[in-house]
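Subject: Structure handover

Hello,

I am passing a structure on to you. Please open it first, then read my notes below.

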Amino acid sequence: MSPTQPTSPTNPTNPHLAPVAVPDPALLPHVQELCDLTDPYAFGPAEDELFAAAMAETNAWHTERSAFFRSLYEATPPAEPYRTPLVHANFFKRHEVLSIPREDVELHLTSSGTTGQKSQMFFDHWTIRSAQRMVARIFERNGWITPDQEVNYLLYSYEPAPSLNLGTAFTDNYLCDFAPARSVAYALRNTGGEHEFDPFGCISALRRFEREDAPVRILGFPAFLFFTLERMRAMGLPPLRLPEGSLVVLGGGWKGHADRRIEKEELYSLVTEQLGIPGERIRDTFGSVEHCIPYIECDHHRLHAPVWSRVTIRSTRTLEPLPYGERGYLHLVSPYITSVPAQSVVMGDLASLQPGSACGCELETPWFTVHGRAGVSRNRSCAVAAAELMKGMA
């Protein structure tokens with residue numbers, strides 16, 4: 001990986017925040033306007049009206065270009081919010097559906113590891129760039145774009161390999177673009193066709209980083225970070241104090257190792273105790289290759305919906321929308337995607353939704369809590385495949 005060095009976040013030439021055009025400005029003007037919003041958590045009637053207009057445009061776009069989506073849309077009651085059909089994320093594990101010609105596919109990502117079912121997702125230039133710009137907007141708002149400050153990276157994800165096209169690896173490598181890299185260490189080392197978890201390499205990197213004056217950015221699967229901290233304690237190593245300005249951004253969950261999962265508050269406390277990183281600099285995220293909108297915790301550790309998406313909780317029995325506080329399927333909606341009819345995805349996660357006012361931070365948008373996977377499935381995610389590498393290592 002060769003991280004790029006971005007220009008200043010206040011500079012309009014910053015590549016991460018640079019303008020990007022929808023495939024057809026005449027057909028998607030409100031999609032363009034919505035995704036151009038610079039405040040990632042703008043909230044109010046005007047934003048709701050713009051979102052509804054953008055959804056109408058993206059539904060029309062996919063209805064015209066995808067026979068699959070057209071049949072669903074025509075069968076969807078007009079009373080359904082945004083009249084958007086519900087498509088389960090598992091659908092993309094068994095089917096490839098596009099709303100663009102194959103030659104317009106700029107990026108192909110998958111959701112799982114080396115075996116098992118994989119979601120096959122395809123992105124045109126607009127879709128992947130607009131999603132990346134959303135991430136950049138949130139990082140910019142948090143002050144995490146630091147072009148003049150080198151950092152050391154420890155990535156709890158897959159070391160690059162020629163055939164690797166996992167969404168998690170792509171995301172973590174992209175996050176390295178927000179601060180120039182002094183060095184990069186990977187937890188999942190490429191062993192030639194496979195990847196192997198290297199806890200001792202992680203510990204060695206952390207101890208080396210402590211001696212340097214550059215902040216450290218730890219990105220990726222929380223389970224691997226926990227196993228590293230656990231191994232440090234087992235080895236009797238004293239706590240480290242990583243340089244000021246260090247940051248932890250986690251993602252991927254604990255799928256496949258629920259029996260060893262600890263609550264995030266406990267994990268955050270361990271990170272602070274053993275690495276010296278304060279709680280406000282530790283954030284979890286939620287995302288998927290089927291729905292690339294970034295959900296990143298606020299400083300109160302809540303996953304607020306950004307302005308480019310809407311979150312609904314659906315009954316596991318009827319799929320009807322549920323009120324605040326009740327648990328059901330997590331349903332995510334966004335009009336940003338033009339390459340695949342995935343603007344309305346029902347995830348396999350159980351979650352509950354709360355109003356923004358219930359958080360206590362400055363953000364007003366609703367936020368959700370993920371309570372785990374719904375039921376037992378043979379489907380495997382990136383985190384499942386990655387977690388399997390830890391067998392026998394802890």
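The protein chain holds 9 helices and 15 strands. Please keep in mind that this is a predicted model.

First, the chain overall. Of its 394 residues, 53% are buried. The surface it exposes comes to about 16700 Å². Carbon and sulfur atoms supply 50% of that area. I also looked at contacts between residues at least 6 apart in sequence: 71% of these join residues at least 24 apart.

Next, a sheet. It is open and has 7 strands. Their order is 6-5-4-7-8-9-10, with mixed pairing. In general, strands of a sheet pair through backbone hydrogen bonds, either parallel or antiparallel.

Which strands sit at the edges? They are strand 6 (195-197) and strand 10 (291-296). Each of them pairs on one side only. From one strand to the next, the twist averages 25°.

Now look at the strand 10 end. Strand 9 (residues 282-288) runs antiparallel to strand 10, and 3 bridges join the two. Thr285 has Ile296 of strand 10 as its bridge partner.

Two helices lie across strands of this sheet.

- Helix 4 (residues 125-141) lies across strand 7 (216-220), strand 8 (247-250) and strand 10. Its angle to strand 10 is about 5°.
- Helix 6 (residues 199-211) lies across strand 4 (151-158), strand 5 (181-190), strand 6 and strand 7. Its angle to strand 4 is about 165°.

Strand 7 is on both lists: helix 4 lies across it, and so does helix 6.

Best wishes

How values were computed:
Residues are numbered from 1 along each chain as its sequence is written. This is a predicted model: local features need pLDDT of at least 70, side-chain atom pairs count only at pLDDT 80 or more; totals for chains, interfaces and linings use all residues. Side-chain values use heavy atoms; hydrogens and water are left out. Two strands pair if DSSP finds at least two bridges between them. Helices (H or I, at least four residues) and strands (E, at least two) are DSSP runs, numbered from the N terminus. Axes are lines fitted to C-alpha atoms, for helices over the stretch in contact, and angles run from 0 to 180 degrees between N-to-C directions. Contact means heavy atoms within 4.5 Å. Buried means under 20% relative accessible area, exposed over 50%, partly exposed in between (1.4 Å probe, protein chains only). Accessible areas come from the Shrake-Rupley method with a 1.4 Å probe; for residues, only the protein chains shown count as cover.
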